[in-house]
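User: Let's walk through this model together. Could you start with the charged side chains and then move on to the cores?

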Amino acid sequence: MSIWKSTICLVVLLVAFGRRGAAQGGNVPGEETTPLVVSGFAVGSASYDHNLARNTATASKIAVSMFRPWSDQLYLFAQLTTHLEQADSGAVETHIEIDNLIVSWTPAKLTALSLSFGRFDAPIGFERDDEPLNLIPTASFTLENARPVKFTGLLARYTVSPKVRVLGVVANGWDSEIDNNSGKTGGLKLQLFPAANAAVAVGGFYGPEEDSTNATPRTLLTADVTWQPMQRLILQAEAHHGSQLGFTWTGVVGQWFWRVGRSTGLTVRGEVFDDPDGARTGTAQTLSSITISPWYFYRHAQEGVFSNIEFTNFQLPAFSLRPALRFDHSNQPVFDAKGGTVKQSNVTALVELVFVF
């Protein structure tokens with residue numbers, strides 16, 4: 001299916017659900033209204049790969065999300081995403097997926113507890129796979145290799161106090177839509193809020209991740225922090241150490257965002273991903289990268305899941321233009337270059353346009 005057909009399908013869904021939401025938003029005497037809220041985002045990008053001397057422009061992703069509260073204790077959130085992806089053969093394919101599907105329930109007599117079932121972002125780190133929720137337009141090696149991005153299963157949150165929260169997860173496995181073995185991955189995470197502008201978390205996850213066997217469990221220790229010491233400045237970092245079958249890997253990434261003006265900002269991110277056994281990348285190596293991204297943004301997005309950067313008061317823009325320059329390096333020759341050669345370094349220039357609706 002082409003990106004255009006996929007986009008048309010999503011637009012039809014958007015219109016249909018929007019009409020339904022509007023109809024439900026009408027006042028019916030004696031009946032409480034709970035309208036369906038439809039939102040989403042679209043992403044376009046252009047990039048230049050220095051090693052390959054190749055440039056490309058793509059209309060790469062469109063997502064439609066739907067939020068429906070049934071009461072103060074129960075709601076549904078779902079997101080359908082279509083995006084372009086390059087296959088191993090080099091062909092570009094269009095994928096449509098259920099990116100999120102969450103039914104969340106808060107017991108009326110135990111409001112400190114919330115239970116969410118379905119497919120959701122792994123509660124790990126600050127990076128997400130949805131472009132509007134990130135302050136930089138490229139995914140780090142750490143996000144791609146060091147830890148899971150999505151879970152399908154059960155997520156429980158318990159607020160011990162305004163400064164302490166505990167999260168528990170039981171899920172199929174790392175990024176598994178359907179379980180690939182008979183075991184489950186479980187994890188606990190402790191979140192601390194020492195101040196209104198700071199969040200610190202540590203956690204651990206454990207479970208079998210290989211196809212058709214529970215004999216090789218994987219362990220992940222993780223920590224992350226978000227701190228907004230002043231209105232214009234956001235600091236974020238995450239670190240992960242994983243192991244499986246005696247092999248280990250470690251990823252550390254940090255970034256800062258400075259709001260230069262009313263409609264301009266600058267993000268700088270640095271990272272190191274150490275894969276000494278080649279367990280995650282297939283090559284025993286240490287990867288590092290530095291990315292610099294000055295960007296322009298306009299107006300605030302609407303309230304909802306795409307409204308602000310988590311644990312900060314920075315409101316996501318409805319429109320943003322984000323150029324970036326990324327410098328990648330490995331201690332092994334792993335980056336493809338012209339003529340079928342490989343090099344230890346690469347430079348990528350790109351610009352990303354994100355529109356939130």
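**Charged pairs and cores**

Analyst: Asp121 pairs with Arg128 in a salt bridge, with the closest N and O atoms 3.9 Å apart; a salt bridge here is a side-chain nitrogen of Lys or Arg within 4 Å of a carboxyl oxygen of Asp or Glu. Quick caveats: this is a predicted model, where local features need pLDDT of at least 70, side-chain atom pairs count only at pLDDT 80 or more, and totals for chains, interfaces and linings use all residues. Residues are numbered from 1 along each chain as its sequence is written, and side-chain values use heavy atoms, with hydrogens and water left out.

User: Is Arg128 buried or exposed?

Analyst: Buried means under 20% relative accessible area, exposed over 50%, and partly exposed in between (1.4 Å probe, protein chains only). Arg128 has 13% relative accessibility, so the call is buried.

User: How many residues apart in sequence are the parts that Asp121 and Lys150 tie together?

Analyst: The side chains of Asp121 and Lys150 meet in a salt bridge at 2.4 Å, N to O. Asp121 sits in strand E5 (residues 113-121) and Lys150 in strand E6, so the pair ties together parts of the chain whose separation in sequence is 29 residues. Strands (E, at least two residues) and helices (H or I, at least four) are DSSP runs, numbered from the N terminus.

User: Which residues are joined into one network by salt bridges that share partners?

Analyst: Arg128 also bridges to Glu310, with the closest N and O atoms 3.7 Å apart. That pair links distant parts of the chain, 182 residues apart: Arg128 in the loop between E5 and helix H2 (141-145), Glu310 in the loop between E14 and E15. Through shared partners, the network consists of Asp99, Asp121, Arg128, Asp129, Lys150 and Glu310.

User: Which strand gives the most to the largest nonpolar core?

Analyst: A nonpolar core is a set of buried Ala, Val, Leu, Ile, Met, Phe, Trp, Tyr and Cys residues joined through side-chain atoms within 4.5 Å. The largest one has 19 residues, and those with the most contacts inside it are Ile124, Phe151, Val169, Phe205 and Phe273. Strands E6 (150-161) and E7 (164-171) each supply at least two residues of this core. With three residues, the top contributor is E7.

User: What is the side chain of Ser307 in polar contact with?

Analyst: Ser307 is buried, with a relative accessible area of 8%. A polar contact is a pair of N or O atoms within 3.5 Å; within protein, one must be able to donate a hydrogen and the other to accept it, and residues adjacent in sequence count only if both atoms are side-chain atoms. At 3.2 Å, the partner is the side chain of Asn308.
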